[in-house]
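Trainee: I would like to go through this model with you, term by term. Please set each value against its definition.

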Amino acid sequence: MLFFKLINSSFRRNGKVYGPYLLASSMLVAINYIFAAISVNCSLHHLSSSAATTAMINISANFILLVTFAFLLYVNRFLWQQRSSELGLYSMLGMTSHNLELLTIIEKCYLFIGSIICGLITGVIFERLAFLGLGRLLKVHSLKQPWIEPAALARTTLYMAGFFVILMAVDLVKLHRLNPNQLWHTTTRSPRRHGWLFTVMGMLGIILLAGAYYLTLTTKPRISAFSNFMTAVLLLVAGTYLLFIAGSVLILRFLQRRKKFYYRPRHFITISGMLQRMEQNGASLATICLLCSAVLVALFSSISLYAGIGDSVNRYVPKDVVMITNQPLSGEQQGTIKRVARNHHVKVFDQDSYQATTPQNGYWRGQRFINQGSLEHMTKDTTSSIIFVTSREYRQMTGKTAQLNDHQALVYSPAKQHTGKLTIAGHHYQAKSLRQLSFAFNPEHSIYAPAFVIVNHLPAGIPTMNVTSFRYRLNGSEHRHMQFENDLQAHLQLTNSQVTGRYNLHYLFNSLYGGLVFAGILISLALGITTTIVIYFKQISEGYADRYRFKTMQQVGLSERETAKSIHKQVLMVFMLPIVGAIINLLFAMPAIKQIMTQLSFYNLPLMVTVAGSITLALLVIYLLIYGLTTRVYHQIVDSIH
């Protein structure tokens with residue numbers, strides 16, 4: 001009974017620590033339950049795009065589990081620092097190591113029970129709302145979700161129990177290795193001495209960051225783009241930690257050695273104070289920076305793709321239906337189109353047809369296109385494809401006349417403009433760029449951006465294809481439109497690669513990108529919760545440290561106003577470093593993300609810039625709001641010395 005009274009008393013005294021911890025862990029439990037409930041949902045598996053959506057949800061669920069575990073480890077370290085002195089006092093008052101271990105076990109059980117009960121209740125309440133949101137993003141109204149998913153409850157409880165058992169084991173090992181005197185003084189830190197290895201770490205951090213930024217700036221729209229981006233992410237993570245932990249200290253040490261600069265009242269106080277803060281909080285600041293970067297990148301990528309679905313669909317199917325055949329459609333096939341349209345009460349109009357070469361995949365080496373042929377011959381260097389169309393077909397499709405000789409060409413390339421003297425398929429052309437081409441599309445649905453080349457005569461030796469497209473009018477739901485497109489394909493006996501329907505493609509993109517936005521929002525919410533708690537505990541740590549700095553600075557002659565102004569300036573500077581770093585990371589990540597999106601036929605750069613600016617501004621406002629809220633606790637701790 002005594003142990004429970006001690007734990008209850010500790011929870012009441014340290015409410016500012018345990019309260020936010022329980023709130024954050026409960027919300028993470030709720031997010032884990034929501035992902036688990038959606039992943040086992042039966043109606044989701046009946047969708048035509050269920051494989052991609054379910055895979056995305058499962059990957060996101062596993063990532064959230066890792067975030068939850070990392071969060072619990074980080075906060076457990078802070079709780080240990082807060083509780084160690086209390087445990088040391090209990091030990092000096094006569095408690096045995098067995099008693100302290102029992103106290104630790106009871107504390108972890110309290111935290112686990114509180115987190116799991118509050119989290120699961122919150123998850124059950126908001127899970128249906130989240131599921132409705134997923135249905136709206138996917139634009140599917142047939143999804144059904146029970147009030148409670150027992151399998152999701154069991155899985156979430158099992159994972160969280162495993163995490164808390166690990167935390168309990170970590171604390172028990174620490175408790176076993178430290179004596180009472182070490183427990184009592186565990187929060188005191190001796191000044192650090194930085195040798196040559198520390199200098200190497202700082203320089204390595206700068207090199208790794210430079211390497212990460214170089215990779216993002218030089219990424220090309222080829223099959224290795226995503227792997228290059230992930231390599232850059234790994235370099236960025238390592239470089240950020242090394243730069244905040246060691247690089248920042250080296251920079252401040254360098255400023256200290258500049259005597260004329262350092263020995264000025266304002267610089268002296270600021271640099272010495274910043275040096276202490278970076279030595280104590282470098283890892284926390286790096287963590288905050290990376291979490292904010294992850295939120296920005298996740299929301300930027302998912303929202304850009306989802307908002308640009310209409311543009312992406314137009315890149316694949318400029319009209320409502322596009323068909324690719326080896327020869328022009330026969331009279332029988334034209335009759336089939338009319339018959340199927342009549343059966344579905346569809347009016348077909350604006351039908352046209354033109355001939356072009358099949359896509360020739362390859363890559364650009366300067367002004368020369370290296371032709372690799374069909375997709376079967378692609379390599380890691382492949383970045384784009386070339387499609388030739390005659391000037392006669394161009395005039396027929398657009399109503400515009402292209403005045404060209406045999407050595408001139410017009411090039412439409414939405415991914416990257418190509419002008420001047422070009423060599424393509426063994427022919428030399430003086431090329432001009434086209435800004436728009438109404439009939440351009442991606443015939444192979446491949447990741448390689450197509451470039452349409454308008455010439456007088458098609459090059460010899462390249463196979464040709466016939467492209468037929470039309471619009472249609474149908475009064476009814478999206479489902480009826482999809483039924484017509486599917487029925488038309490079945491009656492024409494054409495493959496998926498030969499027929500592309502606007503409504504089917506739109507449905508597919510909604511399923512893929514809608515699930516991506518849903519996962520991105522929940523992941524950003526989890527990362528935001530983690531970031532807030534890391535900031536909150538960093539403010540508490542700095543509050544206790546600054547309480548004694550405040551007293552020391554007044555003892556050496558500074559007024560209370562000067563001391564408060566200096567410390568608050570340093571706190572604000574340190575607080576702003578992570579968000580500034582996150583914005584810089586997003587700016588350098590955008591070129592690589594743009595190249596990856598190019599492989600998904602997304603070329604809308606103004607939309608990307610708008611989304612990036614909007615989410616950056618929103619995150620900055622939320623970040624400053626968190627600063628204002630957590631600073632209250634900081635001021636209460638600092639002011640308690642008076």
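Trainee: Which strands make up the closed barrel, and in what order do they run?

Mentor: Seven strands form the closed barrel, in the order β3-β4-β7-β8-β6-β9-β5, with mixed pairing. The twist from one strand to the next averages 40°. Such angles run from 0 to 180 degrees between N-to-C directions, with axes fitted as lines to C-alpha atoms, for helices over the stretch in contact. Keep in mind that this is a predicted model: local features need pLDDT of at least 70, side-chain atom pairs count only at pLDDT 80 or more, and totals for chains, interfaces and linings use all residues. Residues are numbered from 1 along each chain as its sequence is written, and side-chain values use heavy atoms, leaving out hydrogens and water.

Trainee: What makes something a strand or a helix here?

Mentor: Both are DSSP runs, numbered from the N terminus: H or I over at least four residues for a helix, E over at least two for a strand. By that rule the protein chain has 17 helices and eleven strands.

Trainee: How do you know that β6 and β8 pair?

Mentor: Pairing needs at least two bridges found by DSSP between two strands. Strand β6 (residues 408–412) and strand β8 (residues 427–433) have four, in the parallel sense. So they count as paired. One bridge sets V411 against S433 in β8.

Trainee: What holds paired strands of a sheet together?

Mentor: Strands of a sheet pair through backbone hydrogen bonds, either parallel or antiparallel.

Trainee: Which strands does β5 pair with, and in which sense?

Mentor: Strand β3 (residues 360–365) joins β5 through three antiparallel bridges. Seven bridges join β5 to β9, and these run parallel. Q360 stands opposite I386 in β5, and F388 stands opposite V453 in β9.

Trainee: Why is β5 called largely enclosed?

Mentor: Buried means under 20% relative accessible area, exposed means over 50%, and partly exposed lies in between (1.4 Å probe, protein chains only). Seven of the seven residues of β5 are buried, so the rest of the structure largely encloses it. S384, I386, F388 and T390 point one way, S385, I387 and V389 the other way, and all are buried.

Trainee: What packs on the barrel sheet?

Mentor: Helix α13 (residues 391–398) does, touching β5 (384–390), β6 and β9 (449–455). Its direction makes about 85° with that of β5. Contact means heavy atoms within 4.5 Å.

Trainee: Now the open sheet. Why do β2 and β11 count as edges?

Mentor: The order is β2-β10-β1-β11, four strands with antiparallel pairing. β2 (347–357) and β11 (499–501) each have a single partner strand, so one side of each is left without a neighbour in the sheet. Neighbouring strands of this sheet are turned by 15° against each other on average, direction ignored. Nine bridges join β2 to antiparallel β10 (residues 464–473), and D352 stands opposite S469 in β10. Helix α14 (residues 478–492) packs on this sheet, touching β1 (321–325), β10 and β11.

Trainee: What makes α4 a kinked helix?

Mentor: The bend at a residue is the angle between axes fitted to the seven residues ending there and the seven starting there. In α4 (residues 97–138) there is a kink of about 40°, centred on F126. Just after α4, K139 takes a positive phi of about 60°.

Trainee: How do you know that C289 has no disulfide to C292?

Mentor: A disulfide is a pair of cysteine sulfur atoms within 2.5 Å. The closest cysteine sulfur to that of C289 is in C292, at 7.2 Å, so it is too far for a bond. A search of the whole structure finds zero disulfides. C289 is buried, at 2%, while C109 is partly exposed, at 33%.

Trainee: What makes a set of residues a nonpolar core, and which members of the largest one touch the most others?

Mentor: A nonpolar core is a set of buried Ala, Val, Leu, Ile, Met, Phe, Trp, Tyr and Cys residues joined through side-chain atoms within 4.5 Å. The largest holds 126 residues, and F300, Y354, F452, F518 and F537 touch the most other members. Its largest share, 17 residues, comes from helix α15 (residues 502–555). Apart from it lies another core of 15 residues, including V340 and F470.

Trainee: Why is Y507 called buried?

Mentor: Its relative accessible area is 15%, under the cut-off, so Y507 is buried. Y507 lies in helix α15.
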